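User: I would appreciate a close look at a single part of this model, namely the open sheet and its surroundings. Please treat it in one connected account.

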Amino acid sequence: MYKNFFRYLISAIFLLGFSVNSNADFKVGFVYVGPTGDHGWTFQHHEGRNAVEAAGIKTTFVESVPEGADAERVIRQLAQSGHDLIFTTSFGYMDPTNKVAKDFPNVKFEHATGYKREHSNVSTYSARFYEGRTLLGHIAGKMTKTNTIGYIASFPIPEVIRGINAMTLAAQKVNPNIKTKIVWVFTWYDPGKEAEAAQALIDQGADVIMQHTDSTAPVQTAEKAGVWSFGQASDMQRFAPKSILTSIIDDWAPYYVERAIAARDGTWKQQDTWHGLKEGMVAMGPYNSAMGADLVKEVEQLQKDLASGKVHSFTGPIYDQKGNILVADGKVADDGMLAGMSVYVKGVEGDIPK
Amino acid sequence: MIKIEKRNDVPMALYFFTPFIAIILTILGGGIIFYILGFNPIEALKFYFITPISNLYGFSELLLKATPLCLIAIGLSFCFKSNNWNIGAEGQLTFGAIVGGGVALLFYNQEGFYILPLVIIAGAIGGMIFALIPAILKTYFNTNEILVSLMLVYVSKLLLDYLVVGPWSNPEGFNFPETRQFSDSSRMPLLFEGLRIHAGIFLALAAVMLSWFILYKTYLGFQIKVSGLSLKTAKYAGFKGKTMILVVFMISGACAGLAGVGEITGPIGQLHRMISPDYGFTAIIVAFLGRLNPFGIIFASLVVALTYLGAETAQIFLQIPKYTGQVFQGMILFFLLASDYLLFFKVKILNLKKNELRH
């Protein structure tokens, strides 16, 4: 009796949410894991939101939403308060997003970097950041004097390992003596830890530093130490103008605008998107003139070839650390293999933390 | 000249009334901040304090959020009442969650009514053991419990990081820093379908009752209160100080551990790195706002939980920065301490003649 009463009450509340939905203007909600001023991951998603807003669509964002128990409430509140499309922009929102999606079949959900699409109103999207890493590897291989590249890594998930491998393969192509040293910091954003990791790598002889973390601390450390570095997620050039050779930029804006318009016009469909240089979801920052005109030209050509598909970041032969073949000569790695990548290629030092 | 004098006759009624004054001042102060930020203060306050709990779902979320705060604050009240400054409830929560979560992972593919109680007890014991570290160091080595308990927070968080990245990470989880999902048998039963409020709230209520009983009806409670008022008196009366310190830390740790287990077996359902948005620290505000009184703490935990929810709602509807939630929590504590000061001390402005000053 009581149970039924509550069930009706709850459905009534949900229905209230829907009725607001259909009458109010079309609105898009964004859930961010960090502050909009992190100059990295969240900053770029916020830029994407600004583009949606500029396209004449109303948006709302909630920043610094912890990936714990709070995420579900925030997502649910956005759905309840009349948002028709909700972007949840961190991996940790995967389960809460799917859970809320079940209760709001008329609201569309887009989850970044996840793999679960349990309901027809959930799409996932991510970028082929590894294509940018290939360009970084090419540049690093040419620029290093010590033949040692320092890599600040966050978590040993496929995306990060893919980046390490893509970079190492490209660097080996132009400089066979290259070594990749890795420091795992086990955080996405911790300026203190990232700066320490950068310094540790520099002390070990690395004269090119790159990062798969979001703060500007590593590039600033590199600038002070007088070694090369690369920006991550956004164009970090102004934080280390001498040291930064280029940045990998996550440009979510075109995708966000396209999906928002599709949802508004009723043409939105569930999909799993993995866009790269070709579609512009991965873009490169300005190249440092210290690279020299020849290298800039080379890299720009490689960027075009990666975008057109003429060159693939993972073209065989590729060997793992023990010398076993991963991708045969003349073949390229398929998306399935890329999505689950969990071993280093030859030339990377150390073991993947277990 | 300003002179500060202690008041001798502070009425108890006023003592329990000042938290309300602090809350009212916080709301007024918040209104002013919203006004300066360019928002309509009335509208902003409405989204902050009324909208979040204007429906059943919102109210259930308030209770969900208040549950860990209440549990931890109840535990802390034992420590604070007896002059033991346990600042590390966040660490005890984390360690409790680690131990409880470990047991839950042990049974990840099993069903059984006995699993959840085991997980809960393991969590309480975990928190208890972790709180015993600063307590033992204090009683036998004279260390400062504030420092030790605070530093242990980082120890437990790093341990959790290590476990979810390494040995306990989900084998099918592509190395993402999280464990497997717990089986349904180690999840807190939900009270209502469609809502997240779970049986953990009964743990909090039981803790409230039990703490009231211990504090006001037992010899231990008497010892705790006397030690809090005057350590010298307690010694003179022959109370066993060391045992009492150990006991209050154990109670405090057990409560924090229960809060941790409630979170991971309730809304979260697994271990990962973000199991608590600093509940252990926020609960310190809750304990003081509740006047270290079990029933006051219930009320205080609801108020502070509302500042979390309000910060989210205000951001969704008005795009007010989320950090105003922390500003509100800070203001509550500030106004409470300020009104306490004025309650216990008189500020006298003395009119002195000019020549007296020169002299």
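The account that follows should concern the open sheet of chain A, its packing helices and the domain setting.

Analyst: This is a predicted model, in which local features need pLDDT of at least 70, side-chain atom pairs count only at pLDDT 80 or more, and totals for chains, interfaces and linings use all residues. Residues are numbered from 1 along each chain as its sequence is written, while chains are lettered from A and ligands numbered from 1 in the order in which they are written.

The open sheet of chain A consists of 6 strands with parallel pairing, in the order E2-E1-E3-E4-E5-E11. Strands (E, at least two residues) and helices (H or I, at least four residues) are DSSP runs, numbered from the N terminus, and two strands pair if DSSP finds at least two bridges between them. At the edges stand strand E2 (58–62) and strand E11 (272–275) of chain A, each of which pairs on one side only. On average, neighbouring strands of this sheet are turned by 20° against each other, direction ignored.

Within the sheet, strand E1 (residues 27–31) and strand E3 (residues 85–88) of chain A run parallel and are joined by 4 bridges. A:Gly29 has A:Ile86 in E3(A) as its bridge partner.

Helix H3 (residues 70–80) of chain A packs on the sheet and touches E1, E2 and E3 of chain A. Its direction makes about 160° with that of E3(A); axes are lines fitted to C-alpha atoms, for helices over the stretch in contact, and angles run from 0 to 180 degrees between N-to-C directions. Helix H4 (residues 94–103) of chain A also packs on the sheet, where E3, strand E4 (108–112) and strand E5 (122–127) of chain A are touched. The direction of H4 makes about 170° with that of E4(A).

As for the domain setting, chain A is divided into domain 1 (2–127) and domain 2 (129–250 + 282–339), with bounds from an automatic or database domain assignment. Their C-alpha centres lie 33 Å apart. The contact takes 8 residues from domain 1 of chain A and 12 residues from domain 2 of chain A, two residues being in contact if their C-beta atoms, placed from the backbone, lie within 7 Å. Helix H2 (residues 41–54) of chain A supplies the largest share of the domain 1 side, 3 residues. By class, that side has 3 nonpolar, 4 polar and 1 charged residues, where Ala, Val, Leu, Ile, Met, Phe, Trp, Tyr, Cys and Pro count as nonpolar, Asp, Glu, Lys and Arg as charged, and the others, Gly among them, as polar.
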